[in-house]
Amino acid sequence: PVRVVVLASGTGSLLQSLIAAAVGDYPARIVAVGVDRDCAAVAHAESADIPAFRVALREYPDRDAWDRALTAAVDAHQPDLIVSAGFMKILGPEFMGRFGGRIINTHPALLPSFPGAHAVPDALAYGVKVTGSTVHLVDSGVDTGPVLAQEPVVVLEDDDESSLHERIKTVERRLLVDVIAAVATRGVVSDGRKAVIPSDRT
Ligand code: GAR
């Protein structure tokens with residue numbers, strides 16, 4: 001199976017659904033989990049016997065040193081794919097140079113709307129009636145890489161940030177599991193701007 005390192009910063013519910021899916025016939029395995037802070041994702045990894053490592057920005061003299069340390073820590077697990085599942089740091093140039101084209105991110109909005117770390121409150125504040133989930137390849141910009149999959153989520157009149165985010169995450173978990181399986185099996189063809197997962201011909 002394809003070797004996946006998952007990066008996370010938060011409650012790790014997306015990580016948890018990937019861990020649960022990545023067994024049996026699933027074409028990928030989570031070989032390590034990396035975090036940039038103490039967070040629940042570490043406990044999810046440990047309870048599944050998956051090694052976890054922490055590379056915290058504040059423990060390094062600058063962003064470049066952190067970027068090099070994170071790259072080395074991920075590289076040690078020889079991943080085929082990196083999945084950013086709620087990782088709240090922008091990946092650096094060293095990381096992109098080493099793993100570019102093999103990094104997949106999930107974002108809780110329909111990109112290019114509402115990029116960045118506050119996608120759900122931003123969508124609510126704007127007053128959109130539909131938002132959703134985007135799974136995309138990571139490039140050197142912030143949430144600008146080629147889209148692999150998207151799915152809409154309707155905003156309800158009485159939604160607050162937590163109710164809306166929870167409905168989006170329900171979609172994200174499924175979309176991410178499906179996209180990772182498809183990429184692990186069939187790869188990605190990208191011309192830089194656009195990316196497609198070749199269709200399943202069986
Ligand atoms: C997910 O909604 C993910 O898309 C988002 O963080 C959440 C993580 O949930 N990521 C971003 O906003 C990245 N800009 P989890 O910790 O429950 O897996």
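Buried means under 20% relative accessible area, exposed over 50%, and partly exposed in between, with a 1.4 Å probe and protein chains only. The model is predicted: local features need pLDDT of at least 70, side-chain atom pairs count only at pLDDT 80 or more, and totals for chains, interfaces and linings use all residues. Residues are numbered from 1 along each chain as its sequence is written, and side-chain values use heavy atoms, with hydrogens and water left out.

**Exercise 1. Place Thr-71 and decide whether it is buried or exposed.**

Step 1. Find the element. Helices (H or I, at least four residues) and strands (E, at least two) are DSSP runs, numbered from the N terminus. Thr-71 sits in helix α3, residues 63–75.

Step 2. Apply the cut-off. Thr-71 has 5% relative accessibility, so it counts as buried.

Step 3. List the partners. Contact means heavy atoms within 4.5 Å. Leaving aside neighbours within four places in sequence, Thr-71 is in contact with Glu-94, Phe-95, Arg-98 and Phe-99.

**Exercise 2. Work out which residues of helix α2 are buried, and how they are arranged.**

Step 1. Helix α2 covers residues 40–47, and its buried residues are Ala-41, His-44 and Ala-45.

Step 2. Look down the axis. The buried residues of α2 fall within an arc of 100 degrees, so they line one face of the helix. The arc is that of the directions from the helix axis to the C-beta atoms.

Step 3. Find what they pack against. The buried residues of α2 pack against β1 (2–8), α1, β2 (28–35) and β3 (52–54).

Step 4. Turn to the other face. Away from the buried side, α2 carries the exposed residues Glu-46 and Ser-47.

Step 5. Follow the chain onward. Asp-49 lies in the loop between α2 and β3. Asp-49 is not a glycine, yet it has a positive phi of about 60 degrees. At 72% relative accessibility, Asp-49 counts as exposed.

**Exercise 3. Describe the setting of His-107, including its record.**

Step 1. Check the record. An unreviewed UniProt entry places the feature "active site" at His-107. UniProt positions are given in the numbering used here, feature names are shortened, and annotations may be inferred rather than shown by experiment.

Step 2. Locate the residue. His-107 lies in strand β5. His-107 is buried, with a relative accessible area of 3%.

Step 3. Name its contacts. Outside the neighbours within four places in sequence, they include Phe-114, Asp-143 and Glu-172.

Step 4. Look at one partner. Phe-114 is in the loop between β5 and α5. Although Phe-114 is not a glycine, it has a positive phi of about 55 degrees. Phe-114 counts as buried at 15% relative accessibility.

Step 5. Stay in that loop. Pro-112 also lies between β5 and α5. The peptide bond from Leu-111 to Pro-112 is cis, with omega near 15 degrees.

**Exercise 4. Compare the settings of Ala-28 and Leu-91, then state how many residues separate them.**

Step 1. Ala-28 is found in strand β2. At 1% relative accessibility, Ala-28 counts as buried.

Step 2. Leaving aside neighbours within four places in sequence, the contacts of Ala-28 include Val-4, Ala-22 and Ile-180.

Step 3. Leu-91 lies in the loop between β4 (81–84) and α4 (93–99). Leu-91 counts as buried at 12% relative accessibility.

Step 4. Not counting residues up to four places away in sequence, Leu-91 touches Leu-7, Leu-70, Met-96, Ile-103 and Val-138.

Step 5. Ala-28 and Leu-91 are 63 residues apart in sequence and 23 Å apart in space, C-alpha to C-alpha.

**Exercise 5. Describe the lining of the largest pocket by class and by element.**

Step 1. Fix the term. A pocket is an open set of points on a 1 Å grid over the protein atoms alone, where a 1.4 Å probe fits, with protein on both sides within 12 Å along at least five of seven lines; lining residues have an atom within 4 Å of a point.

Step 2. Give the volume. About 740 Å³ of space lies in the largest pocket. Of the 39 lining residues, the closest to its centre are Gly-86, Phe-87, Met-88, Asn-105 and Thr-106. Grid points are joined across faces, edges and corners, and a volume is the space filled by probe spheres set on the points.

Step 3. Sort by element. Two or more lining residues come from each of α1 (13–21), β5 (103–107), α5 (119–126) and α6 (161–186). The largest share, 4 residues, comes from α6.

Step 4. Sort by class. The lining has 15 nonpolar residues (Ala, Val, Leu, Ile, Met, Phe, Trp, Tyr, Cys and Pro), 6 charged (Asp, Glu, Lys and Arg) and 18 polar (the others, Gly among them).
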